[in-house]
Amino acid sequence: MSPTIRQMLHETIARFHQAHIDSPALTARVLLAHALGQPREWLLAHDDTVLDDAGAARIAALVARVLAHEPLAYILGHREFYGIDLLVDSRVLIPRPETEMLVDLALEYIKSHDGAAASSSAQVDVIDVGTGSGAIAIAIACHAPDARIIAADISREALEVASENAQRCNCGERIRFIQSDLLDGVDVRARVIVANLPYVTVEEIDALPPEIQEHEPRVALDGGADGLMLVRRLLAQLDVHLVPGGMAAFEFGASQGTTALEAAAQSLPGWHIELRRDLAGLDRVLLAHKTLEP
Ligand SMILES: C[S@@+](CC[C@H](N)C(=O)[O-])C[C@H]1O[C@@H](n2cnc3c(N)ncnc32)[C@H](O)[C@@H]1O
């Protein structure tokens with residue numbers, strides 16, 4: 001006999017538990033609701049419903065993906081970032097909540113330097129380097145409706161996802177997507193440069209959970225021997241691409257603060273450089289302010 005929703009839920013939770021899947025009960029509920037095309041609350045109110053064959057088959061296929069450690073966001077096909085629903089799949093890193101800090105810092109800068117908006121074609125308001133799903137660029141565009149933005153990534157596949165997300169959020173006209181190795185292919189200057197570049201060390205990659213290590217793009221994770229290889233290269237490009245008085249904000253790994261600060265001090269003599277902590281009190285963002293020319 002076909003199982004009810006309640007029976008299927010219990011069985012799925014037990015299987016996830018056994019396979020050490022994170023938050024087994026929540027994951028099972030989200031997955032069943034997704035497979036049945038219903039909100040989660042619906043499951044509770046209809047847990048006596050007997051599943052038809054098609055519904056049971058859809059659930060079985062999704063359960064198999066979770067058991068193969070595919071991230072839930074890829075299975076569902078989307079993830080919320082800064083209150084915005086973004087499409088995500090294996091072409092892009094799943095945006096993380098800590099990255100929202102870069103959006104806050106960029107918006108703070110843009111709002112407090114209101115009169116200095118980019119006016120010429122040789123200047124934009126923001127460049128997002130390593131845009132991935134477009135999360136940072138799109139969140140800034142949604143909250144700074146006049147901002148003109150460049151979103152760059154070395155991965156053509158990531159740019160396809162980012163561009164689709166921008167269209168869905170109705171901000172595609174203000175974001176120019178460029179395939180580029182860091183800022184090599186960018187020929188304008190910006191008031192703000194933000195970057196959440198790969199910063200996982202080679203050693204750390206091997207210790208990551210399978211959901212990340214086996215499913216998220218390697219090009220979105222690998223930050224070289226000490227994790228800061230790309231950040232260092234980008235620091236060396238900042239002076240050319242940032243206007244005087246402009247600001248750069250880079251995310252890095254929680255243990256990389258001191259090294260990031262030293263690298264910035266070496267690359268950017270005379271700039272005001274500081275670290276910012278996240279809500280957990282961990283060093284997370286490097287801020288570099290370019291001095292105004294005398
Ligand atoms: C950690 S992910 C961040 C994605 C997105 N910004 C976010 O915060 O969710 C890093 C991104 O940098 C891109 N990337 C890696 N190397 C790059 C390079 N040399 N130049 C430009 N982008 C690069 C990857 O393709 C990936 O999309």
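Two strands count as paired if DSSP finds at least two bridges between them, and this criterion is used in the exercises below, which concern a predicted model.

**Exercise 1. Establish how strands β3 and β6 are related, and place them in their sheet.**

Step 1. Strand β3, residues 123–129, and strand β6, residues 189–195, are joined by six bridges and run parallel. Since at least two bridges are required, the two strands count as a pair, and within it V124 stands opposite A190 of β6.

Step 2. The sheet to which they belong is open and has seven strands, in the order β5-β4-β3-β6-β7-β9-β8, with mixed pairing. Its edges are formed by β5 (175–179) and β8 (272–277), each of which pairs on one side only. If direction is ignored, neighbouring strands of this sheet are turned against each other by 20° on average.

Step 3. For the background to the word "mixed", recall that strands of a sheet pair through backbone hydrogen bonds, either parallel or antiparallel.

**Exercise 2. Follow strand β7 through its two pairings, and decide why it can be called largely enclosed.**

Step 1. On the β6 side, five bridges join β6 to β7, and these two strands run parallel; here V192 stands opposite M247 in β7.

Step 2. Towards strand β9, residues 283–289, there are five bridges as well, but β7 and β9 run antiparallel, with A248 standing opposite A288 in β9.

Step 3. The burial count then settles the matter: seven of the 10 residues of β7 (residues 242–251) are buried, so the strand is largely enclosed by the rest of the structure.

Step 4. As a supplement on the helix packing, helix α8, residues 156–168, lies across β4 and β5, and runs at about 170° to β5.

**Exercise 3. Analyse the hairpin of β1 and β2, including the backbone of Y82.**

Step 1. Strands β1 and β2 pair in the antiparallel sense over four bridges, and the bridge partner of E80 in β2 is D85.

Step 2. The two faces of β1 can be told apart, for R79 and F81 make up a covered face, whereas H78 and E80 make up an uncovered one.

Step 3. Two residues lie between the strands of this hairpin, in which Y82 takes a positive phi near 50°. The position of Y82 is accordingly given as the loop between β1 (78–81) and β2 (84–87).

Step 4. Most residues other than glycine have a negative phi. Y82 counts as buried because it has 20 C-beta neighbours inside 10 Å, and the threshold for that class is 20 or more.

**Exercise 4. Is H69 buried, exposed or partly exposed, and where does it lie?**

Step 1. H69 is placed in the loop between α4 (53–67) and α5 (72–76), and its phi is near 65°, a positive value in a residue other than glycine.

Step 2. H69 has 17 C-beta neighbours inside 10 Å and therefore counts as partly exposed.

Step 3. A second residue may be classified by the same kind of count: A265, in helix α12 (residues 257–267), is partly exposed because 13 other C-beta atoms lie within 10 Å. The C-alpha atoms of A265 and S163 are separated by 35 Å, and the two residues stand 102 residues apart along the chain.

**Exercise 5. Describe the shell around the ligand, by residue and by element.**

Step 1. The ligand is surrounded by 23 residues, of which G130, G132, I154, N196 and A220 are the closest.

Step 2. The elements that give two or more residues to this shell are α7 (135–143) and β4 (149–153).

Step 3. By chemical class, the shell divides into 14 nonpolar, seven polar and two charged residues.

**Exercise 6. Summarise the protein chain as a whole, from its elements to its domains.**

Step 1. The protein chain has 12 helices and nine strands, and its C-alpha trace spans about 80 × 40 × 30 Å along the principal axes.

Step 2. The chain is divided into domain 1 (5–68) and domain 2 (90–289), whose C-alpha centres lie 37 Å apart.

Step 3. Of the 294 residues in the protein chain, 39% are buried. Among contacts with a separation of 6 or more, residues 24 or more positions apart account for 67%.

Key. Residues are numbered from 1 along each chain as its sequence is written. This is a predicted model: local features need pLDDT of at least 70, side-chain atom pairs count only at pLDDT 80 or more; totals for chains, interfaces and linings use all residues. A residue is buried if 20 or more other C-beta atoms lie within 10 Å of its own, exposed if 12 or fewer, and partly exposed in between; C-beta atoms are placed from the backbone. A residue is near a molecule or strand if its C-beta atom, placed from the backbone, lies within 6 Å of it. Ala, Val, Leu, Ile, Met, Phe, Trp, Tyr, Cys and Pro count as nonpolar, Asp, Glu, Lys and Arg as charged, and the others, Gly among them, as polar. Domain bounds come from an automatic or database domain assignment. Axes are lines fitted to C-alpha atoms, for helices over the stretch in contact, and angles run from 0 to 180 degrees between N-to-C directions. Two residues are in contact if their C-beta atoms, placed from the backbone, lie within 7 Å.
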